[in-house]
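Colleague: Got a minute to go through this model with me? I have a few questions before I get back to the bench.

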Amino acid sequence: MKNYLKTGIILFAICAVCASLCAFVNSVTAPRIAANQAAANLEAAKAVSGGMTPGESVNVSLPEYPAIRAVAPLTKDNGDIGGYLLELGGSGYGGSLTVITAYYTDGSLIGAKLTNNSETAGLGKKAENDWYMDMFKGKGADVAIPTSKNDLAESEAAAISGATITFNGISSVIRQGSDYVKAQGAK
Amino acid sequence: MNTKELTKGIFKENPIFIIMLGMCPTLAVSTQVWNAIGMGAGVIFVLLGSNIFISLLKNIIPDSIRIPSYIVIIASFVTILEMVMHAFMVDLYNALGIYLSLIVVNCIILGRAEAFANKNSVLDSALDAIGMGVGFTLGLTLIAAIREIFGAGTITLINLGDINVVFEVPGLSESPIRVLALSAGALLVMGYLKAFFTWYTAKNEKKAKEAK
(Lines give C-alpha, C1' and ligand atoms only; values in the text may rest on other atoms or scores of the structure.)
Protein backbone atom coordinates (compact mmCIF):
# COMPACT_ATOMS: atom_id res chain seq x y z
CA MET A 1 0.00 0.00 0.00
CA LYS A 2 2.74 2.39 1.02
CA ASN A 3 4.58 1.54 -2.16
CA TYR A 4 1.56 2.40 -4.32
CA LEU A 5 1.23 5.73 -2.57
CA LYS A 6 4.88 6.57 -3.09
CA THR A 7 4.71 5.65 -6.78
CA GLY A 8 1.58 7.72 -7.18
CA ILE A 9 3.12 10.73 -5.53
CA ILE A 10 6.24 10.55 -7.71
CA LEU A 11 4.19 10.31 -10.89
CA PHE A 12 2.00 13.15 -9.70
CA ALA A 13 5.04 15.31 -8.94
CA ILE A 14 6.52 14.69 -12.39
CA CYS A 15 3.22 15.57 -14.05
CA ALA A 16 2.80 18.68 -11.90
CA VAL A 17 6.27 19.98 -12.74
CA CYS A 18 5.80 19.29 -16.46
CA ALA A 19 2.36 20.88 -16.51
CA SER A 20 3.58 24.05 -14.83
CA LEU A 21 6.49 24.24 -17.25
CA CYS A 22 4.08 24.02 -20.19
CA ALA A 23 1.78 26.57 -18.59
CA PHE A 24 4.64 29.00 -18.22
CA VAL A 25 5.73 28.67 -21.86
CA ASN A 26 2.12 28.95 -22.97
CA SER A 27 1.68 32.23 -21.11
CA VAL A 28 4.60 33.63 -23.12
CA THR A 29 3.66 32.27 -26.53
CA ALA A 30 -0.17 32.42 -26.50
CA PRO A 31 -0.54 36.18 -27.10
CA ARG A 32 1.98 36.01 -29.91
CA ILE A 33 0.23 33.10 -31.58
CA ALA A 34 -3.11 34.95 -31.38
CA ALA A 35 -1.55 38.09 -32.85
CA ASN A 36 0.03 36.07 -35.70
CA GLN A 37 -3.32 34.47 -36.42
CA ALA A 38 -5.19 37.76 -36.49
CA ALA A 39 -2.57 39.33 -38.71
CA ALA A 40 -2.67 36.39 -41.13
CA ASN A 41 -6.47 36.52 -41.36
CA LEU A 42 -6.48 40.26 -41.91
CA GLU A 43 -3.81 40.01 -44.58
CA ALA A 44 -5.71 37.22 -46.31
CA ALA A 45 -8.93 39.24 -46.16
CA LYS A 46 -7.19 42.24 -47.69
CA ALA A 47 -5.55 40.16 -50.38
CA VAL A 48 -8.76 38.54 -51.60
CA SER A 49 -11.19 41.47 -51.35
CA GLY A 50 -10.30 43.08 -54.66
CA GLY A 51 -10.03 46.61 -53.30
CA MET A 52 -13.32 46.63 -51.40
CA THR A 53 -13.51 47.22 -47.65
CA PRO A 54 -14.54 44.31 -45.43
CA GLY A 55 -17.21 45.17 -42.87
CA GLU A 56 -17.76 43.57 -39.50
CA SER A 57 -17.50 39.80 -39.57
CA VAL A 58 -20.36 37.78 -38.06
CA ASN A 59 -19.91 34.15 -37.04
CA VAL A 60 -22.60 31.98 -38.55
CA SER A 61 -23.64 28.36 -38.51
CA LEU A 62 -25.99 27.47 -41.38
CA PRO A 63 -27.39 23.95 -41.77
CA GLU A 64 -27.61 24.27 -45.59
CA TYR A 65 -24.08 25.66 -45.89
CA PRO A 66 -22.03 23.87 -43.22
CA ALA A 67 -18.73 25.15 -44.59
CA ILE A 68 -19.47 28.81 -43.87
CA ARG A 69 -18.08 29.96 -40.55
CA ALA A 70 -18.16 33.74 -40.78
CA VAL A 71 -19.62 36.31 -43.16
CA ALA A 72 -18.66 39.95 -43.65
CA PRO A 73 -20.09 42.32 -46.25
CA LEU A 74 -17.69 44.01 -48.67
CA THR A 75 -18.46 47.64 -49.37
CA LYS A 76 -17.43 49.57 -52.45
CA ASP A 77 -16.05 53.10 -52.24
CA ASN A 78 -19.52 54.55 -52.74
CA GLY A 79 -20.90 52.60 -49.76
CA ASP A 80 -22.84 49.95 -51.71
CA ILE A 81 -22.41 46.31 -50.86
CA GLY A 82 -20.33 44.85 -53.67
CA GLY A 83 -19.80 41.37 -52.34
CA TYR A 84 -19.17 39.15 -49.37
CA LEU A 85 -16.11 37.98 -47.51
CA LEU A 86 -16.55 34.44 -46.20
CA GLU A 87 -14.49 32.33 -43.88
CA LEU A 88 -14.93 28.73 -45.00
CA GLY A 89 -13.94 25.59 -43.17
CA GLY A 90 -13.56 22.19 -44.79
CA SER A 91 -11.36 19.18 -44.65
CA GLY A 92 -8.39 18.22 -46.76
CA TYR A 93 -5.88 15.37 -46.69
CA GLY A 94 -4.27 16.38 -43.42
CA GLY A 95 -7.39 17.38 -41.49
CA SER A 96 -9.35 20.60 -41.29
CA LEU A 97 -8.50 23.60 -43.43
CA THR A 98 -9.64 27.21 -43.57
CA VAL A 99 -10.18 29.20 -46.75
CA ILE A 100 -10.78 32.96 -46.75
CA THR A 101 -12.81 33.88 -49.83
CA ALA A 102 -14.43 36.95 -51.36
CA TYR A 103 -17.28 36.91 -53.90
CA TYR A 104 -19.14 39.50 -55.95
CA THR A 105 -22.88 39.55 -55.25
CA ASP A 106 -23.47 37.36 -58.34
CA GLY A 107 -21.50 34.56 -56.69
CA SER A 108 -18.34 34.84 -58.77
CA LEU A 109 -15.10 34.50 -56.87
CA ILE A 110 -12.91 37.59 -56.47
CA GLY A 111 -10.12 35.84 -54.63
CA ALA A 112 -9.38 33.10 -52.14
CA LYS A 113 -6.60 32.22 -49.77
CA LEU A 114 -5.93 28.99 -47.93
CA THR A 115 -4.86 29.85 -44.39
CA ASN A 116 -4.94 27.22 -41.61
CA ASN A 117 -4.23 23.74 -42.89
CA SER A 118 -2.21 20.62 -42.26
CA GLU A 119 -1.71 19.53 -45.86
CA THR A 120 1.42 17.70 -46.93
CA ALA A 121 4.32 20.01 -47.64
CA GLY A 122 5.18 20.09 -51.33
CA LEU A 123 1.85 18.54 -52.36
CA GLY A 124 -1.38 19.81 -50.82
CA LYS A 125 0.48 22.79 -49.38
CA LYS A 126 0.84 24.15 -52.91
CA ALA A 127 -2.73 25.36 -52.49
CA GLU A 128 -1.36 28.16 -50.30
CA ASN A 129 0.22 29.75 -53.37
CA ASP A 130 -1.64 32.49 -55.19
CA TRP A 131 -1.61 30.72 -58.55
CA TYR A 132 -3.56 27.83 -57.11
CA MET A 133 -6.68 29.90 -56.59
CA ASP A 134 -6.50 31.32 -60.12
CA MET A 135 -8.35 28.27 -61.40
CA PHE A 136 -11.41 29.33 -59.38
CA LYS A 137 -11.18 33.08 -59.88
CA GLY A 138 -14.04 34.74 -61.77
CA LYS A 139 -16.01 31.51 -61.77
CA GLY A 140 -19.15 30.86 -59.77
CA ALA A 141 -21.65 33.00 -61.67
CA ASP A 142 -22.00 31.84 -65.30
CA VAL A 143 -19.38 29.12 -65.10
CA ALA A 144 -19.64 26.82 -62.09
CA ILE A 145 -16.74 26.52 -59.66
CA PRO A 146 -14.76 23.49 -60.83
CA THR A 147 -15.02 20.67 -58.30
CA SER A 148 -13.56 17.83 -60.31
CA LYS A 149 -10.39 17.36 -62.31
CA ASN A 150 -12.51 17.01 -65.45
CA ASP A 151 -13.65 20.63 -65.11
CA LEU A 152 -10.09 21.88 -65.31
CA ALA A 153 -7.75 22.70 -68.15
CA GLU A 154 -5.06 20.09 -68.68
CA SER A 155 -2.25 22.20 -67.21
CA GLU A 156 -4.29 22.95 -64.11
CA ALA A 157 -5.25 19.31 -63.66
CA ALA A 158 -1.55 18.42 -63.82
CA ALA A 159 -0.75 20.99 -61.16
CA ILE A 160 -3.11 19.43 -58.66
CA SER A 161 -2.15 15.83 -59.33
CA GLY A 162 -0.92 14.14 -56.20
CA ALA A 163 -3.14 16.38 -54.09
CA THR A 164 -6.64 15.59 -55.29
CA ILE A 165 -8.12 15.35 -51.81
CA THR A 166 -6.87 18.84 -50.99
CA PHE A 167 -8.38 20.10 -54.24
CA ASN A 168 -11.72 18.42 -53.48
CA GLY A 169 -11.78 19.92 -49.99
CA ILE A 170 -11.02 23.44 -51.20
CA SER A 171 -13.19 23.44 -54.31
CA SER A 172 -16.25 22.07 -52.52
CA VAL A 173 -16.19 24.78 -49.85
CA ILE A 174 -15.59 27.50 -52.45
CA ARG A 175 -18.58 26.26 -54.41
CA GLN A 176 -20.70 26.23 -51.26
CA GLY A 177 -19.67 29.82 -50.54
CA SER A 178 -20.59 30.83 -54.07
CA ASP A 179 -24.03 29.18 -53.75
CA TYR A 180 -24.60 30.98 -50.47
CA VAL A 181 -23.74 34.38 -51.94
CA LYS A 182 -26.00 33.71 -54.92
CA ALA A 183 -28.86 32.85 -52.56
CA GLN A 184 -28.26 36.10 -50.69
CA GLY A 185 -28.50 38.10 -53.92
CA ALA A 186 -31.82 36.49 -54.85
CA LYS A 187 -33.42 37.50 -51.56
CA MET B 1 34.47 13.39 -22.10
CA ASN B 2 33.37 10.42 -24.08
CA THR B 3 33.28 11.44 -27.71
CA LYS B 4 32.23 7.94 -28.74
CA GLU B 5 28.75 8.65 -27.40
CA LEU B 6 28.62 11.76 -29.57
CA THR B 7 29.78 10.31 -32.85
CA LYS B 8 28.18 6.86 -32.83
CA GLY B 9 24.76 8.25 -33.73
CA ILE B 10 26.04 9.96 -36.85
CA PHE B 11 27.14 6.91 -38.79
CA LYS B 12 27.75 3.69 -36.90
CA GLU B 13 24.42 3.72 -35.09
CA ASN B 14 22.59 6.18 -37.31
CA PRO B 15 18.98 6.16 -36.06
CA ILE B 16 17.45 6.22 -39.52
CA PHE B 17 19.66 3.95 -41.60
CA ILE B 18 21.04 1.51 -39.04
CA ILE B 19 18.67 1.34 -36.06
CA MET B 20 15.66 2.21 -38.27
CA LEU B 21 13.94 4.37 -35.65
CA GLY B 22 11.57 7.26 -36.28
CA MET B 23 10.44 6.10 -39.70
CA CYS B 24 7.06 7.82 -39.60
CA PRO B 25 8.29 11.45 -39.64
CA THR B 26 11.21 10.43 -41.85
CA LEU B 27 8.92 9.31 -44.61
CA ALA B 28 6.39 12.09 -44.11
CA VAL B 29 8.31 15.34 -43.79
CA SER B 30 11.23 14.60 -46.09
CA THR B 31 9.67 16.46 -49.00
CA GLN B 32 11.78 19.61 -48.59
CA VAL B 33 15.25 20.15 -47.23
CA TRP B 34 14.03 22.97 -45.00
CA ASN B 35 11.36 20.75 -43.42
CA ALA B 36 13.99 18.13 -42.71
CA ILE B 37 16.27 20.68 -41.04
CA GLY B 38 13.37 22.03 -38.98
CA MET B 39 12.21 18.59 -37.96
CA GLY B 40 15.78 17.61 -37.09
CA ALA B 41 16.23 20.70 -34.92
CA GLY B 42 12.97 19.91 -33.14
CA VAL B 43 14.01 16.33 -32.49
CA ILE B 44 17.44 17.42 -31.21
CA PHE B 45 15.76 19.82 -28.77
CA VAL B 46 13.28 17.26 -27.46
CA LEU B 47 15.85 14.47 -27.35
CA LEU B 48 18.36 16.61 -25.47
CA GLY B 49 15.78 17.82 -22.95
CA SER B 50 14.24 14.42 -22.31
CA ASN B 51 17.57 12.57 -22.16
CA ILE B 52 18.96 15.04 -19.59
CA PHE B 53 15.78 14.99 -17.48
CA ILE B 54 15.42 11.23 -17.55
CA SER B 55 19.07 10.72 -16.72
CA LEU B 56 18.72 13.11 -13.76
CA LEU B 57 15.60 11.38 -12.51
CA LYS B 58 16.70 7.80 -13.18
CA ASN B 59 17.14 7.00 -9.47
CA ILE B 60 13.87 8.65 -8.44
CA ILE B 61 11.50 7.15 -10.99
CA PRO B 62 10.37 3.66 -9.86
CA ASP B 63 10.68 0.96 -12.48
CA SER B 64 6.95 0.25 -12.56
CA ILE B 65 6.00 3.72 -13.79
CA ARG B 66 9.02 4.54 -15.92
CA ILE B 67 7.22 4.50 -19.28
CA PRO B 68 4.40 6.87 -18.19
CA SER B 69 6.97 9.15 -16.61
CA TYR B 70 9.09 9.22 -19.77
CA ILE B 71 6.08 9.92 -21.92
CA VAL B 72 4.98 12.80 -19.68
CA ILE B 73 8.47 14.32 -19.79
CA ILE B 74 8.80 13.86 -23.56
CA ALA B 75 5.31 15.19 -24.22
CA SER B 76 6.04 18.31 -22.18
CA PHE B 77 9.13 19.08 -24.22
CA VAL B 78 7.23 18.51 -27.44
CA THR B 79 4.42 20.78 -26.28
CA ILE B 80 6.90 23.51 -25.40
CA LEU B 81 8.60 23.13 -28.78
CA GLU B 82 5.24 23.28 -30.51
CA MET B 83 4.18 26.46 -28.74
CA VAL B 84 7.49 28.21 -29.33
CA MET B 85 7.53 27.24 -33.02
CA HIS B 86 3.91 28.29 -33.46
CA ALA B 87 4.71 31.69 -32.00
CA PHE B 88 8.01 32.42 -33.70
CA MET B 89 8.26 30.24 -36.82
CA VAL B 90 4.72 29.97 -38.15
CA ASP B 91 5.68 28.77 -41.63
CA LEU B 92 7.80 25.93 -40.36
CA TYR B 93 5.11 25.09 -37.83
CA ASN B 94 2.55 24.86 -40.61
CA ALA B 95 4.84 22.85 -42.84
CA LEU B 96 5.58 20.23 -40.20
CA GLY B 97 1.91 20.04 -39.27
CA ILE B 98 0.90 17.02 -37.27
CA TYR B 99 4.37 15.47 -37.41
CA LEU B 100 5.58 18.02 -34.89
CA SER B 101 3.21 16.72 -32.22
CA LEU B 102 4.02 13.21 -33.29
CA ILE B 103 7.60 13.68 -32.06
CA VAL B 104 6.06 12.46 -28.75
CA VAL B 105 5.75 8.97 -30.13
CA ASN B 106 8.92 9.13 -32.23
CA CYS B 107 10.67 5.90 -31.33
CA ILE B 108 14.08 7.59 -31.33
CA ILE B 109 13.21 9.59 -28.25
CA LEU B 110 11.57 6.89 -26.14
CA GLY B 111 14.14 4.45 -27.48
CA ARG B 112 17.10 6.53 -26.32
CA ALA B 113 15.43 7.18 -22.95
CA GLU B 114 14.88 3.47 -22.41
CA ALA B 115 18.10 2.18 -23.90
CA PHE B 116 20.54 4.85 -22.81
CA ALA B 117 19.49 7.76 -20.60
CA ASN B 118 18.12 5.67 -17.74
CA LYS B 119 21.42 3.81 -17.37
CA ASN B 120 24.04 6.46 -18.02
CA SER B 121 25.32 9.72 -16.57
CA VAL B 122 23.81 13.08 -17.47
CA LEU B 123 26.78 14.13 -19.60
CA ASP B 124 26.86 10.89 -21.58
CA SER B 125 23.09 11.09 -22.09
CA ALA B 126 23.35 14.64 -23.38
CA LEU B 127 26.12 13.62 -25.79
CA ASP B 128 24.10 10.61 -26.90
CA ALA B 129 21.12 12.89 -27.52
CA ILE B 130 23.13 15.33 -29.63
CA GLY B 131 24.78 12.54 -31.60
CA MET B 132 21.53 10.70 -32.26
CA GLY B 133 19.72 13.97 -33.04
CA VAL B 134 22.39 15.08 -35.51
CA GLY B 135 22.42 11.62 -37.07
CA PHE B 136 18.66 11.79 -37.48
CA THR B 137 18.86 15.27 -38.97
CA LEU B 138 21.58 14.28 -41.44
CA GLY B 139 19.71 11.17 -42.51
CA LEU B 140 16.46 13.08 -42.90
CA THR B 141 18.18 15.89 -44.81
CA LEU B 142 19.82 13.39 -47.15
CA ILE B 143 16.48 11.77 -48.01
CA ALA B 144 14.81 15.17 -48.34
CA ALA B 145 17.58 16.49 -50.58
CA ILE B 146 17.29 13.53 -52.95
CA ARG B 147 13.50 13.76 -53.00
CA GLU B 148 13.42 17.51 -53.46
CA ILE B 149 16.14 17.74 -56.10
CA PHE B 150 14.78 14.92 -58.26
CA GLY B 151 11.11 15.18 -57.32
CA ALA B 152 10.63 18.94 -57.53
CA GLY B 153 13.85 20.26 -59.04
CA THR B 154 14.47 22.68 -56.18
CA ILE B 155 16.51 22.91 -53.00
CA THR B 156 14.79 24.87 -50.23
CA LEU B 157 17.41 25.75 -47.65
CA ILE B 158 15.53 28.43 -45.73
CA ASN B 159 11.83 29.20 -45.96
CA LEU B 160 10.83 31.59 -43.22
CA GLY B 161 8.21 33.65 -45.00
CA ASP B 162 10.35 36.79 -45.36
CA ILE B 163 13.66 35.04 -45.80
CA ASN B 164 13.72 32.48 -48.57
CA VAL B 165 16.70 30.64 -49.93
CA VAL B 166 15.56 28.39 -52.76
CA PHE B 167 17.74 27.05 -55.55
CA GLU B 168 16.30 25.72 -58.75
CA VAL B 169 18.01 22.88 -60.51
CA PRO B 170 17.99 23.71 -64.22
CA GLY B 171 16.36 21.05 -66.36
CA LEU B 172 14.86 19.19 -63.44
CA SER B 173 12.52 21.91 -62.21
CA GLU B 174 10.54 21.84 -65.48
CA SER B 175 10.04 18.11 -65.59
CA PRO B 176 10.83 16.57 -62.22
CA ILE B 177 10.47 12.88 -61.39
CA ARG B 178 7.27 13.57 -59.53
CA VAL B 179 6.92 10.14 -57.96
CA LEU B 180 9.86 10.92 -55.68
CA ALA B 181 7.93 13.81 -54.11
CA LEU B 182 5.00 11.53 -53.39
CA SER B 183 4.78 9.08 -50.49
CA ALA B 184 5.96 6.17 -52.61
CA GLY B 185 9.11 8.12 -53.42
CA ALA B 186 9.98 8.32 -49.74
CA LEU B 187 9.92 4.54 -49.50
CA LEU B 188 11.94 4.14 -52.70
CA VAL B 189 14.66 6.56 -51.62
CA MET B 190 14.70 5.10 -48.11
CA GLY B 191 15.05 1.58 -49.51
CA TYR B 192 17.98 2.42 -51.76
CA LEU B 193 19.76 4.35 -49.03
CA LYS B 194 19.24 1.51 -46.56
CA ALA B 195 20.66 -0.91 -49.13
CA PHE B 196 23.66 1.35 -49.62
CA PHE B 197 24.32 1.62 -45.89
CA THR B 198 23.99 -2.13 -45.41
CA TRP B 199 26.40 -2.76 -48.27
CA TYR B 200 28.84 -0.19 -46.90
CA THR B 201 28.83 -1.55 -43.33
CA ALA B 202 29.16 -5.11 -44.57
CA LYS B 203 32.14 -4.12 -46.70
CA ASN B 204 33.83 -2.44 -43.75
CA GLU B 205 33.25 -5.42 -41.50
CA LYS B 206 34.75 -7.73 -44.07
CA LYS B 207 37.79 -5.52 -44.36
CA ALA B 208 38.18 -5.46 -40.58
CA LYS B 209 38.01 -9.26 -40.49
CA GLU B 210 40.60 -9.65 -43.22
CA ALA B 211 42.90 -7.23 -41.43
CA LYS B 212 42.85 -9.52 -38.41
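Modeller: We can take the salt bridges, a pocket, a surface patch and a few buried residues in turn.

Modeller: Keep in mind that this is a predicted model.

Colleague: Fine. How many salt bridges are there over all chains?

Modeller: A search of the whole structure gives 7.

Colleague: Which residue does A:D130 pair with?

Modeller: A:D130 forms a salt bridge with A:K113, with 3.7 Å from N to O. A:D130 sits in helix 2 (residues 130-133) of chain A and A:K113 in strand 6 (residues 109-114) of that chain, so the pair links distant parts of the chain, 17 residues apart.

Colleague: Is A:D130 buried or exposed?

Modeller: A:D130 is exposed, because its relative accessibility is 56% and the class starts over 50%. A:K113 has a relative accessible area of 26%, so it counts as partly exposed.

Colleague: Now chain B. Which residues are linked in a network of salt bridges?

Modeller: The network links B:D63, B:R66 and B:E114. B:R66 takes part in both of these contacts: with B:D63, the closest N and O atoms are 3.5 Å apart, and with B:E114 they are 2.6 Å apart.

Colleague: What does the pair of B:R66 and B:E114 tie together?

Modeller: B:R66 is in helix 4 (residues 66-88) of chain B and B:E114 is in helix 7 (residues 107-117) of chain B, so their salt bridge ties together parts that are 48 residues apart in sequence.

Colleague: And how exposed are the three?

Modeller: B:D63 is exposed, at a relative accessible area of 57%. B:R66 is partly exposed at 22%, and B:E114 is partly exposed at 26%.

Colleague: Change of topic. How much space lies in the second largest pocket?

Modeller: About 500 Å³.

Colleague: Which residues lie nearest its centre?

Modeller: The lining of the second largest pocket has 29 residues, and A:Y93, A:T120, A:L123, B:Y99 and B:S183 lie nearest the centre. Those names come from chain A and chain B.

Colleague: Which elements give two or more residues to that lining?

Modeller: From chain A, helix 4 (164-186) does. From chain B, the elements are helix 2 (23-29), helix 5 (90-96), helix 6 (98-101) and helix 9.

Colleague: How do the lining residues divide into nonpolar, polar and charged?

Modeller: There are 16 nonpolar, 11 polar and 2 charged residues in the lining of the second largest pocket.

Colleague: You mentioned helix 9. What else is in it?

Modeller: Helix 9 of chain B covers residues 183-211 and includes B:Y192. B:G185 is in helix 9 of chain B as well.

Colleague: Is B:G185 buried or exposed?

Modeller: B:G185 is buried, because its relative accessibility is 0% and buried means under 20%. The C-alpha atoms of B:G185 and B:Q32 are separated by 13 Å, with their positions 153 residues apart along the chain.

Colleague: And B:Y192?

Modeller: B:Y192 counts as exposed, because its relative accessibility is 64%. B:Y192 also belongs to a nonpolar surface patch of about 490 Å², along with B:F150, B:I177, B:V179 and B:L188.

Colleague: Back to chain A. Where does A:L152 lie?

Modeller: A:L152 is in the loop between helix 2 and helix 3 (154-159) of chain A. A:L152 counts as buried, at 11% relative accessibility.

Colleague: How far apart are A:L152 and A:M135 in space?

Modeller: They are 7.7 Å apart, C-alpha to C-alpha, and 17 residues apart in sequence.

Colleague: Last one. Where is the place of A:A45?

Modeller: A:A45 is in helix 1 (residues 2-48) of chain A and is buried, with a relative accessible area of 9%. In sequence, A:A45 and A:L85 are 40 residues apart, while their C-alpha atoms are 7.4 Å apart in space.

Methods. Residues numbered from 1 in each chain as written. Chains lettered and ligands numbered in written order. Predicted model: local features only at pLDDT ≥ 70, side-chain atom pairs only at ≥ 80, totals over all residues. Heavy atoms only, no water. Patch = residues over 30% accessible without salt bridge, like charges linked within 9 Å, V, L, I, M, F, W, Y side chains within 5 Å. Areas by Shrake-Rupley, 256 points an atom, 1.4 Å probe, with all protein chains shown as cover. Salt bridge = Lys/Arg side-chain N within 4 Å of Asp/Glu carboxyl O. Helix = DSSP H or I, 4+ residues; strand = E, 2+ residues; numbered from the N terminus. Buried < 20%, exposed > 50% of the residue type's maximum accessible area, 1.4 Å probe, protein only. 1 Å grid on protein atoms, 1.4 Å probe; cavity = no way out; pocket = protein on both sides within 12 Å on 5 of 7 lines; lining within 4 Å. Points joined across faces, edges and corners; volume = space filled by probe spheres on them. Nonpolar A, V, L, I, M, F, W, Y, C, P; charged D, E, K, R; others polar.
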